[in-house]
Amino acid sequence: MKDFIEDYLAYLVFEKGLSNKTKESYRNDLEIYRKYLEDNGYSNYWKVLDSKDYGIPQRRPRVLMVSKLGKANVDFFKKKCIIEKDINDILDFDNNNFEKLVIKGKLKGNPTGKYFFLDDRDWKINGVMINDICSTQRAGRTGLKCAYKKGNDIYARKLTALECCRLMDYRDEDYYEMKKDISDGAIMRICGNSIVVRILENIFQNIQEDEKYD
């Protein structure tokens, strides 16, 4: 089999803002890099993909770009069979460290299930956001929680490192393997800088199916 790296560069992941024309400096960085690759014989294929569209309950729009030496006859971004997960697949129900939430701002959202995600980070929103789909995990920001409502009160706790891994579609055994060498805080930062596994798997499956190697 031909060495994969001879034809493909590793996938590239960018913040969604790089594709936003209103952020010209970001846009220019992306264009410069794409032009450099094209000058060296690569064809670039990119699209904004969001993990919530791939069965993972997390909003995580990212620009993914695949670069192929020469031309590619691959629909990199077509969706395979998607297994839908919801908050009940993410939560660690052995963790019951919920505390009554003191709501400091307007409550936004109307989740449908017993449990929901909660985001009370003040860096972006003026209030508390509740939803069946989690906000984007970030390496350097805290505030993502899971919660439930009892009467007129909300009880919440921070997401655990295991739950953060599940939101990135890591296996539980991946978390426990990392846990041998690094702290939960470090694992959560890794999750914040990572990409949802099944999106990459989807791209690589498309390549495997559509490209023929000797």
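Which residues are linked with Lys-85 in a network of salt bridges? In this predicted model, the partners turn out to be Asp-169 and Arg-198, which join Lys-85 in the network. The general idea is simple enough: side chains of opposite charge can pair when their charged atoms come close. Across the structure, 14 salt bridges turn up.

A few of these pairs are worth a look one by one. Take Asp-172 and Arg-166, whose side chains form a salt bridge with 2.8 Å from N to O. Arg-166 has a relative accessible area of 15%, so this residue is buried. Its partner Asp-172 comes out at 28% relative accessibility and therefore counts as partly exposed. This salt bridge, then, pairs a buried arginine with a partly exposed aspartate.

Lys-180 and Glu-177 make another salt bridge, at 3.1 Å from N to O. Lys-180 is exposed, with a relative accessibility of 62%, while Glu-177 is partly exposed at 45%. A further salt bridge joins the side chains of Asp-53 and Lys-52, with 3.5 Å between N and O. Here both ends fall into the middle category: Asp-53 is partly exposed at 37% relative accessibility, and Lys-52 is partly exposed at 36%.

Next come the cysteines. A disulfide is a covalent bond between the sulfur atoms of two cysteines. How many disulfides does a search of the whole structure find? The search comes back with 0. Cys-164, for one, takes part in no disulfide, and its nearest cysteine sulfur, in Cys-191, lies 5.6 Å away. Cys-164 is also buried, at 5% relative accessibility. Why does Cys-165 not bond with Cys-191? The closest cysteine sulfur to that of Cys-165 is indeed the one in Cys-191, but the 3.7 Å between them is too far for a bond, because a disulfide needs the two sulfur atoms within 2.5 Å. Cys-165 is buried as well, with a relative accessibility of 1%.

The aromatic rings tell their own story, with a count of 8 aromatic pairs. One of them brings together Phe-76 and Phe-77, with ring centres 6.2 Å apart and planes at 55 degrees, so this pair is tilted. Both Phe-76 and Phe-77 are buried. In another pair, the ring centres of Phe-98 and Tyr-148 are 5.1 Å apart and the planes stand at 70 degrees, so the arrangement is edge-to-face. Where in the chain do Phe-98 and Tyr-148 sit? Phe-98 belongs to the loop between α3 (87-90) and β4 (99-100), whereas Tyr-148 lies in strand β8 (residues 144-150). With 50 residues separating the two, this pair links distant parts of the chain. Phe-98 and Tyr-148 are both buried, too.

That pair also has company. Phe-98 and Tyr-148 belong to a cluster, linked by ring pairs, that takes in Phe-93, Tyr-115 and Tyr-155 as well.

Finally, a charge meets a ring. What sits over the ring of Tyr-54? The charged end of Lys-79 takes that spot, at 5.1 Å from the ring centre.

Methods:
Residues numbered from 1 in each chain as written. Predicted model: local features only at pLDDT ≥ 70, side-chain atom pairs only at ≥ 80, totals over all residues. Heavy atoms only, no water. Salt bridge = Lys/Arg side-chain N within 4 Å of Asp/Glu carboxyl O. Buried < 20%, exposed > 50% of the residue type's maximum accessible area, 1.4 Å probe, protein only. Phe/Tyr/Trp six-rings, centres within 6.5 Å; stacked < 30°, edge-to-face > 60°. Helix = DSSP H or I, 4+ residues; strand = E, 2+ residues; numbered from the N terminus. Lys NZ or Arg CZ within 6 Å of the ring centre and 35° of its normal.
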